[in-house]
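Hi,

Here is the structure I promised to pass on. Have a look at it first, then read on for what turned up.

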Amino acid sequence: MKIVFLGTGAAVPAKNRSPTSIAIKFNGETFLFDCGEGTQRQMIYTDVSPMKIDNIFITHLHGDHILGIPGLLQSMGFNGRRDHINIYGPPETEGIINGMLNMGYHSINFQVNVYEIPIEKPYCILESESYKIYSYPMEHSVPTLGYVFKEKKKPQLDIKRAIELGINVGPDLKKLKEGYSVVSKDGRKIHPEDVLLPPKRGISIGYSGDTLPLKDFGKFLKSLDCNILIHEATFDSSKKENAFETMHSTIEDAVNIGTIGGVEELILTHISARYDDSMEVYLNEVINLSREKNLNITIAEDLMEFPLKKGK
Ligand SMILES: [Zn+2]
Ligand SMILES: [Zn+2]
């Protein structure tokens, strides 16, 4: 289980950074967040397989977040994909994807389902037994969504307590775990809350997309007990005005949102091509803020892998 940074640049490809794309590999599934130009080529250098991607989440419809989609879909078709794929994004995503599907001659013989997510409020947009994915409205020059991937953990069984209460070990324990009451050996009714301990803390990853800093997004992360935040930090803080004008965030902005969110790990991405020749100013600010705020801050690099610890 890990996060793979396929592209960590902003706006246009740079010498050292491809446009934005992030893959989360979790329990055999791969989730792709944004798909900038060249994303499929970046995958070749990693163990992210395009055929294992069933869900793509688009933050917004700027080219540096979507121009990799047509090539990726066409390659999936070329390689004989038959399984459908789901693409989630803000309003107008469907028209854009349909346009991509009409580009040139290709052999896409699988279903592409597009889900346009309203941007008025947060939604849980996808749920399985082991995870939930939420959208959150952000503030950028075009409609933009942030996302939160949250692992679902089941409550743990207090076996010692169950034995003390005289529960038949076996099917009854399973029933209690599933939320049903059972009858003990001496005829007492035992309820799940009598023997279940709170679930372990799961993995929860927030991703901002392109945005001005939003304190409410930080509060949302806090409410979901987020431990990792991937936040855009296009500029260092001396370029505050550029950030504000282009509706992006600085390093300090991202740190503030991470602090409000109470995360343990902050990963900065969507880094301007202006730092291609020298990261010195950027890096110094990160080191200083990391010390000052006592926060683990990582500057994402293309092809960087960030391991996800189970039960973190
Ligand atoms: Zn961007
Ligand atoms: Zn943008």
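A warm-up: is H106 buried, exposed or partly exposed? H106 is partly exposed, because 16 other C-beta atoms lie within 10 Å. The cut-offs are these: a residue is buried if 20 or more other C-beta atoms lie within 10 Å of its own, exposed if 12 or fewer, and partly exposed in between, with C-beta atoms placed from the backbone.

Before going further, two notes on the ground rules. This is a predicted model, where local features need pLDDT of at least 70 and side-chain atom pairs count only at pLDDT 80 or more, while totals for chains, interfaces and linings use all residues. Residues are numbered from 1 along each chain as its sequence is written, and chains are lettered from A and ligands numbered from 1 in the order in which they are written.

Back to H106. You'll find H106 in the loop between α4 and β6 (helices are DSSP runs of H or I with at least four residues, strands are runs of E with at least two, and both are numbered from the N terminus). H106 touches Q74 and G77, leaving out residues up to four places away in sequence; being in contact means that the C-beta atoms, placed from the backbone, lie within 7 Å. H106 and S75 are 31 residues apart in sequence, yet 8.8 Å apart in space from C-alpha to C-alpha.

**The helix before that loop**

Helix α4 covers residues 93–101, and its buried residues are T93, I97 and M100. Seen down the axis of α4, these fall within an arc of 55°, so they line one face of the helix (the arc is that of the directions from the helix axis to the C-beta atoms). It helps to recall that an α-helix has 3.6 residues a turn, so residues three or four places apart point the same way. On the other side of α4, G95, N98 and G99 are exposed. The cover over the buried residues of α4 includes α3 (69–78), β5 (85–89) and β6 (112–116).

**The sheet**

Next, find the open sheet of seven strands, in the order β7-β8-β9-β14-β15-β16-β17 with mixed pairing. Two strands pair if DSSP finds at least two bridges between them. At the edges stand β7 (123–127) and β17 (296–299), each with a single partner strand, so one side of each has no neighbour in the sheet. On average, neighbouring strands here are turned by 20° against each other, direction ignored (axes are lines fitted to C-alpha atoms, for helices over the stretch in contact, and angles run from 0 to 180 degrees between N-to-C directions).

Some of the pairings are worth tracing by eye:

- β14 (204–207) and β15 (228–232) pair in the parallel sense over three bridges, and I205 has I228 as its bridge partner in β15.
- β15 and β16 are also parallel, over five bridges, with E265 of β16 as the bridge partner of I228.
- β16 and β17 run parallel over four bridges, and L266 stands opposite I297 in β17.

Four of the five residues of β16 are buried, so this strand is largely enclosed by the rest of the structure. Helix α10 (251–261) packs on the sheet, touching β14, β15, β16 (265–269) and β17, and its direction makes about 155° with that of β15.

**The annotated residues**

An unreviewed UniProt entry gives "binding site" for D64, H65, D210 and H270, and "active site" for D64. UniProt positions are given in the numbering used here, feature names are shortened, and annotations may be inferred rather than shown by experiment. Where are these residues?

- D64 is in helix α2 (63–66) and counts as buried, with 22 C-beta neighbours inside 10 Å. Among its contacts beyond four places in sequence are A10, P19 and G36.
- D210 lies in the loop between β14 and α8 (215–223) and is buried, with 27 other C-beta atoms within 10 Å. Its contacts beyond four places in sequence include H140, E232, H248 and H270.
- H270 sits in the loop between β16 and α11 (280–293) and is buried, with 31 other C-beta atoms within 10 Å. Beyond four places in sequence, H270 is in contact with residues including A10, D210 and E232.

The "binding site" residues D64, H65, D210 and H270 are spread over 207 residues of sequence but cluster in space, with a largest C-alpha distance of 10.4 Å.

Happy exploring!

Notes
Contact = placed C-beta atoms within 7 Å.
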